[in-house]
Amino acid sequence: MGIIGWIVLGLLAGAIAKVILPGRDPGGLVGTTLIGFVGALLGGWLSAKLLDKPIPHHFFDGKTWLAAIAGSLVLLIAYRVLFGDSRSPRSRR
C-alpha cells in the first residue's frame, strides 16, 4: 500500500474513531488524519506483538481497517485520559 493509501486509510479510520467516540477533540482534518495514521500503525503493531496475528498491508482487507480503527480509538482514549477536555472553558476565580 502506498503513502496515499495510508493517508486515506488514516483519514477514514480517524473519522470513524471520532464518530464512535464523539467529543471536542482538537485537530480538525489534519489531526483526524494523524490520529488515524498513527492508530493504523499502533493497531497493526499491537495485533502483531500482543495477539501474534500480523495484519496484511492491503487497503481493502477488513483486518487492516479493524486494526486502524482500534488503534485510533486507543489513541483517542489515551488523549482524553492524559489531557481531558482541553477545549472546555476554564473557570475564573
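Helices and strands here are DSSP runs, with at least four residues for a helix and at least two for a strand, numbered from the N terminus. On that basis, the chain reads α-α-α along its sequence. The model is predicted.

**Overall make-up**

The chain has three helices and zero strands. It holds 93 residues, and 31% of them count as buried. Its accessible surface comes to about 6,400 Å². Carbon and sulfur atoms own 70% of that area. Contacts across long stretches of sequence weigh heavily: among contacts with a separation of 6 or more, 69% join residues 24 or more positions apart.

**The three helices**

The table sets the expected span of each helix beside the distance between its end C-alpha atoms.

| Helix | Residues in helix | Expected span | End C-alpha distance |
|---|---|---|---|
| α1 | 18 residues | 26 Å | 25 Å |
| α2 | 23 residues | 33 Å | 31 Å |
| α3 | 22 residues | 32 Å | 31 Å |

The expected spans rest on 1.5 Å a residue, and for α1 the distance agrees with the expectation. The distance for α2 agrees as well. So does the one for α3.

**How they pack**

Helix α1 covers residues 3–20. Its buried residues are Gly-5, Trp-6, Leu-9, Gly-10, Ala-13, Gly-14, Ala-17 and Lys-18. They pack against α2 (28–50) and α3 (62–83).

Helix α2 buries Gly-31, Thr-32, Thr-33, Ile-35, Gly-36, Gly-39, Ala-40, Gly-43, Gly-44 and Ser-47. These residues pack against α1 and α3. Just after α2, Asp-52 takes a positive phi of about 55 degrees.

In α3, the buried residues are Thr-64, Trp-65, Ala-67, Ala-68, Ile-69, Gly-71, Ser-72, Leu-73 and Leu-76. Their packing partners are α1 and α2. Each helix thus has buried residues set against the other two.

**The nonpolar core**

Eleven residues make up the largest nonpolar core: Trp-6, Leu-9, Ala-13, Ala-17, Ile-35, Ala-40, Trp-65, Ala-68, Ile-69, Leu-73 and Leu-76. Helices α1, α2 and α3 are the elements that give two or more residues to this core. The most come from α3, with five residues.

Ala-68 is one of the core residues. Leaving aside residues up to four places away in sequence, Ala-68 touches Leu-9, Ala-13, Gly-39 and Ala-40. Leu-9 and Ala-13 are buried residues of α1. Gly-39 and Ala-40 are buried residues of α2.

**A closer look at Ser-72**

Ser-72 sits in helix α3. Its relative accessible area is 0%, so Ser-72 is buried, the cut-off being under 20%. With residues up to four places away in sequence not counted, Ser-72 touches Ala-13, Gly-14, Ala-17, Ile-35, Gly-36 and Gly-39. Among these, Ala-13, Gly-14 and Ala-17 are buried in α1. Ile-35, Gly-36 and Gly-39 are buried in α2. The pair Ser-72 and Gly-14 lies 58 residues apart in sequence, yet 5.9 Å apart in space, C-alpha to C-alpha.

**The nonpolar surface patch**

A nonpolar patch lies on the surface, formed by Ile-3, Ile-4, Ile-7, Val-8, Leu-12, Ile-16 and Ile-20. Together these residues have about 610 Å² of accessible area. Ile-3 belongs to helix α1. With a relative accessible area of 57%, Ile-3 is exposed, because the cut-off for that class is over 50%. Trp-6 and Leu-9, in contrast, are buried in α1, and both belong to the largest nonpolar core.

Technical notes. Residues are numbered from 1 along each chain as its sequence is written. This is a predicted model: local features need pLDDT of at least 70, side-chain atom pairs count only at pLDDT 80 or more; totals for chains, interfaces and linings use all residues. Side-chain values use heavy atoms; hydrogens and water are left out. Patches are made of residues with over 30% relative accessible area and no salt bridge: like charges are joined within 9 Å, nonpolar side chains (Val, Leu, Ile, Met, Phe, Trp, Tyr) within 5 Å. Accessible areas come from the Shrake-Rupley method with a 1.4 Å probe; for residues, only the protein chains shown count as cover. A salt bridge is a side-chain nitrogen of Lys or Arg within 4 Å of a carboxyl oxygen of Asp or Glu. Buried means under 20% relative accessible area, exposed over 50%, partly exposed in between (1.4 Å probe, protein chains only). Contact means heavy atoms within 4.5 Å. The expected span of a helix is 1.5 Å times one less than its number of residues. A nonpolar core is a set of buried Ala, Val, Leu, Ile, Met, Phe, Trp, Tyr and Cys residues joined through side-chain atoms within 4.5 Å.
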